[in-house]
Amino acid sequence: MSADRTDILSDIDAMLRAVLGDFDDGVEITMDSTFRDDLGLESLDVVSLAGRLQARYGDAVNFAQFVAGLDVASMGELRVGQLVDHIAGSLDRVPTR
Amino acid sequence: MNTAEVNGIRLHVEELPPQGPARGTAVLLHGMAGDSLASWYLTLAPSLAAAGMRVLMHDLRGHGRSDRPPRGYALGHFVDDVAALLDRHWSVDEPVHLLGNSFGGTIAFGYAARRPERVAGIVAIESAPPVPAWFDRIERRLAQAAAFPGGGGRRVRDTLALLRDTPIRAELHASALPTPDDLAGITCPVLCLFGGESAVRQLAPQTEALMPQTRTVVIDGGRHSLLLEHRAQVRDQILPWLRDTRKSFAEGTSHG
């Protein structure tokens, strides 16, 4: 895994634990963790995550649009790695100055 | 979390800003018991923002991350919250499009009956205006939900707590409803979407009789969870309809 993705995963790990709050059971969060089955995220947790991603990455990462493009089944099966890849790809597309 | 203090309680609110030229305001209302703004946020909200709309959402009182007051769950309370958010929190002064899923559509009609001049259009998904037949049906569904043995995830437990620990069922069923004349005073364009497999569409003729401008679309194979399970078809109905509605609104032509 690239250094970029390792950093992003570390960011996501912190955001997910903040979102889960009292429901965080300390399970390890990896690229293969699924949002629903492994982490127990509910849809409002995903909304909360979207707000944190916006605050961290700005408009470069449109997480709401990314999720809205998934069908219902894949939303439940969404893996942390897919989100990390989406963020890495989105940041790559931002023109550097 | 973003919150708004209105009517003595704190409501969870979310907003997606318009992309590109501004094309009006959309207020998205979710359904009763077990639903939340996530049903909109994670489905149609981004498409509406991408189409240039300011998109406003909240968790209904008692639902999601909003406060759960010990009482205050009649239709009028939910309408009061929409009115207060628009006037005082979001400070919207143009007529808005109200999009409601299930009971959220009923709140939309309730607000429009009270403030018809503030509403540019209504989209109701698997819903009906506030009429007794619909409130009877909602009560039967909530009674079934309350009898659920429990277990399940956080959301199921939270829904059971709402139904068992608050007077929401009784208050909702005893709601003061707009009169047929009030509802006939809603002259803005209305789009009603139904799932072909859902019994809610049985109420469509009554809606069309009250508001003859209503356009009804049935999506084959859809059930009550139409918004979640057929989001692409729902989006493909709503976005062109909103575009056409805005056009006729701007031109000042009659709705119909």
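The face of helix α1 of chain A that is turned away from its buried side carries five exposed residues by name: Ala3(A), Thr6(A), Asp7(A), Ser10(A) and Ala18(A). I should say at once that what we are looking at is a predicted model.

Let me stay with this helix. α1(A) runs over residues 3-20. Its 18 residues should span 26 Å at 1.5 Å a residue, and the C-alpha atoms at its ends are indeed 26 Å apart, so the expected and computed lengths agree. Opposite the exposed face we find the buried residues, namely Ile8(A), Leu9(A), Ile12(A), Leu16(A), Val19(A) and Leu20(A). Seen down the axis of α1(A), these fall within an arc of 100°, and therefore line one face of the helix. The elements that cover them include α2 and α5 of chain A. After the helix comes Gly21(A), with a positive phi near 50°.

I turn now to one of those covering helices, α5(A), at residues 80-93. Here the 14 residues should span 20 Å at 1.5 Å a residue, and the end C-alpha atoms lie 20 Å apart, which again agrees. Which residues of α5(A) are buried? They are Val80(A), Leu83(A), Val84(A) and Ile87(A). Viewed down the axis of α5(A), the buried residues fall within an arc of 100°, so that they line one face of this helix. The face turned away from them carries Gly89(A), Asp92(A) and Arg93(A), which are exposed. Among the elements covering the buried residues of α5(A) are α1 and α2 of chain A. The covering is thus reciprocal: α5(A) helps to cover the buried residues of α1(A), and α1(A) helps to cover those of α5(A).

Helix α2(A) also brings us to the other chain. Twelve residues of chain A are in contact with 19 residues of chain B. On the chain A side, the elements giving two or more residues are α2 (43-57), α3 (63-68) and α4 (72-77). The largest share, five residues, comes from α2(A). By class, this side of chain A has eight nonpolar residues, three polar and one charged.

Within chain B, I would first draw attention to a pair of helices, α3(B) at residues 75-89 and α4(B) at residues 103-114. Their axes come within 9 Å and cross at roughly 75°, which makes α3(B) roughly perpendicular to α4(B). From α3(B), the contact is made by Leu75(B), Phe78(B), Val79(B), Val82(B) and Ala83(B); from α4(B), by Ile107(B), Gly110(B), Tyr111(B) and Arg114(B). By class, that contact has seven nonpolar residues, one polar and one charged.

The last element is α6(B), residues 154-165. Its twelve residues reach 16 Å from the first C-alpha to the last, close to the 16 Å expected at 1.5 Å a residue. Thr159(B), Leu160(B), Leu162(B) and Leu163(B) of this helix are buried. Why do they count as being on the same side of α6(B)? Because they cover an arc of only 155° around the axis. On the other side of α6(B), Arg157(B), Ala161(B), Arg164(B) and Asp165(B) are exposed. The cover over the buried residues of α6(B) includes α5 (132-146) and α7 (168-173) of chain B.

Note on methods:
Residues are numbered from 1 along each chain as its sequence is written. Chains are lettered from A and ligands numbered from 1 in the order in which they are written. This is a predicted model: local features need pLDDT of at least 70, side-chain atom pairs count only at pLDDT 80 or more; totals for chains, interfaces and linings use all residues. Helices (H or I, at least four residues) and strands (E, at least two) are DSSP runs, numbered from the N terminus. The expected span of a helix is 1.5 Å times one less than its number of residues. A residue is buried if 20 or more other C-beta atoms lie within 10 Å of its own, exposed if 12 or fewer, and partly exposed in between; C-beta atoms are placed from the backbone. The arc is that of the directions from the helix axis to the C-beta atoms. Two residues are in contact if their C-beta atoms, placed from the backbone, lie within 7 Å. Ala, Val, Leu, Ile, Met, Phe, Trp, Tyr, Cys and Pro count as nonpolar, Asp, Glu, Lys and Arg as charged, and the others, Gly among them, as polar. Axes are lines fitted to C-alpha atoms, for helices over the stretch in contact, and angles run from 0 to 180 degrees between N-to-C directions. Angles under 35 degrees count as roughly parallel, over 145 as roughly antiparallel, 65 to 115 as roughly perpendicular and the rest as oblique.
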